Structure formats: structure tokens, C-alpha cells
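Please open the model in a viewer and keep the selection panel at hand. The tour below proceeds from the whole chain to individual helices and residues.

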Amino acid sequence: MEIVTAVAYSEVHDAYLRDHPVERAHEANTNLYGEENLERAAVIPGGWWRIRLTRADVLGVVLPWHLSEGGARELVPRTGLTVAGAAERVRSGGADWAAANPLCAAKLRLLRRAPFSTLYLATAPVDHRDYAGLAVRRGLIHVDGLHRMLAWELAGRLSEHTGLDGYLAGDPAVLAPSAVLAESARRARTGDEPA
């Protein structure tokens, strides 16, 4: 993951509503819930960051409980699942999974060819019942984009060279396996790069 720069919440909110209008007319418009999740993520300490994500980053994003848009089979258990794990569930479930979860399957089919769009993540779970049972309490955690991430992976569109735009709520230093990311995050926030 690359930290691009610190941003204000207003930028994140405006970008979300531009790409995901709450009033968009379609059968399963959940954009209002996404907007509510952005508001929940805004209280996570550390502010908001514009980021670039690799395929490996996306596959490691932790997803919250998801009952497949009211379907008969849970896509993500209450303890959470990564995008990679959820994609494997869809693949291994095949036609039976799709038949048991028609609305979720339809969203995944629709989004397979959709243009790449901004993803919304946090460094900790948001305060909502769907996130309450997550076993992972720190990492790249979904705020909005579950169906998009899954659809792009299932369609084979996420190559190692794909860079996806995103916004991250929280302190990115908590994700750093080394001080390098923490230093780049500090510089992005303060602008005190050495000359």
C-alpha cells in the first residue's frame, strides 16, 4: 500500500457521493449504508489518507459479516473473511451459491466489467453490528467496496500491476511492518520531506 497524502473528510465524503449517489435508482442501492459507514470511520483516530492499493493489498482486505444481500448462504461469517477468502467461497460455491444468493450474484456479475473506482477502507472496524464479531481488529478493513473488490478479483482483473485508488481512515502507521511506512505516512501528513 502506498500512502499518497493526508486528506480532509470532506474530500472523502464528496468523492463517495459523486461515485455512489444515495438516490441512484437500482434494485439494491446500498449507497446510504456506505455513506453511514464513512461517517463511522471518520471517528477512527488518525484522520483520512488517499492511498494506492496493489492486488495483494485488496486480497488482504478484511470484510465484515455479509449475508449475501438477504440470500440463503452467508458470504462472510461474523468473524470476517478476507477478499481472497470470500472470492474462494464464491468460486467453490459455483452455481449453487449463485442460486442461493441471486441478488449478491447479480451484483458481482454487473460489477465484473465496471470501471475501477475508489475503495474505502479503515485501519480498524467501524462501530456497527456487522463488524462487531471481526476476529481481526487492526489491518485493512472494509468500509465500502465489498462487491467491487470481489467482482474484480473473480473476473481476473486484479493483476500484480494494477494500482487502485482508495481512501483510508485511521493511522496507517498501525499497518506498517517496518518504520518505512510510518515515516512515509508522517511525511505525507506534515510535508517535511528532506530536501
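Begin with the whole protein chain, coloured by secondary structure: 7 helices and 7 strands are present. Here helices (H or I, at least four residues) and strands (E, at least two) are DSSP runs, numbered from the N terminus. Read from the N terminus, the order of elements is β-α-α-β-α-β-β-α-α-β-β-α-β-α.

The model is a predicted one, in which local features need pLDDT of at least 70 and side-chain atom pairs count only at pLDDT 80 or more, while totals for chains, interfaces and linings use all residues. Residues are numbered from 1 along each chain as its sequence is written, and side-chain values use heavy atoms, with hydrogens and water left out.

Now colour the chain by accessibility. Of its 195 residues, 45% are buried; buried means under 20% relative accessible area, exposed over 50%, and partly exposed in between (1.4 Å probe, protein chains only). Turning to contacts (heavy atoms within 4.5 Å), residues 24 or more positions apart account for 71% of those with a separation of 6 or more.

**Stop 1: helix 1**

Select residues 9-19, which form helix 1, and display its buried residues V12, H13, A15 and Y16. Around the axis they cover an arc of only 165 degrees, and this places them on the same side of helix 1. The arc is that of the directions from the helix axis to the C-beta atoms. In general, an α-helix has 3.6 residues a turn, so residues three or four places apart point the same way.

**Stop 2: helix 6**

Next select residues 146-154, helix 6. How many residues of helix 6 are buried? The count is 9 of the 9, so helix 6 is largely enclosed by the rest of the structure. The buried residues include charged side chains to display, among them R148 and E153. Just after helix 6, select G156, which takes a positive phi of about 70 degrees.

**Stop 3: helix 4 against helix 6**

Add residues 83-100, helix 4, to the view; helix 4 and helix 6 pack at an angle of about 60 degrees, and their axes are 10 Å apart. Axes are lines fitted to C-alpha atoms, for helices over the stretch in contact, and angles run from 0 to 180 degrees between N-to-C directions. The crossing of helix 4 past helix 6 is right-handed; a crossing is left-handed if the near helix is turned anticlockwise from the far one by less than a right angle, and right-handed if clockwise.

To see the contact, show V83, A86, A87, V90 and R91 of helix 4 together with M149, L150, E153 and L154 of helix 6. These residues divide into 7 nonpolar, no polar and 2 charged. In this classification Ala, Val, Leu, Ile, Met, Phe, Trp, Tyr, Cys and Pro count as nonpolar, Asp, Glu, Lys and Arg as charged, and the others, Gly among them, as polar.

**Stop 4: helix 5 and its two neighbours**

Select residues 102-111, helix 5, whose axis comes within 8 Å of that of helix 4 and crosses it at roughly 120 degrees. Helix 4 and helix 5 are therefore oblique to each other, given that angles under 35 degrees count as roughly parallel, over 145 as roughly antiparallel, 65 to 115 as roughly perpendicular and the rest as oblique. This crossing is left-handed. On the helix 4 side, V90, W97, A98, A99 and A100 meet P102, C104, A105 and L108 of helix 5. The contact has 9 nonpolar residues, with no polar and no charged ones.

Within helix 5, highlight the buried residues C104, A105, K107, L108 and L111. Viewed down the axis, they fall within an arc of 155 degrees, so they line one face of helix 5. What covers them includes helix 4 and helix 6. Rotate to the face turned away from the buried side to find the exposed residues P102, R109 and L110.

Helix 5 also packs on helix 6, at an angle of about 65 degrees and with axes 8 Å apart, in a right-handed crossing.

**Stop 5: two single residues**

Return to helix 4 and select R89, which is partly exposed with a relative accessible area of 33%. Leaving aside residues up to four places away in sequence, R89 touches E74, L75, V76, P77 and L81.

Finally, select P45, in the loop between helix 2 (31-41) and strand 2 (48-53). P45 is exposed, at a relative accessible area of 67%. Its C-alpha atom is separated by 7.9 Å from that of A169, 124 residues apart along the chain.
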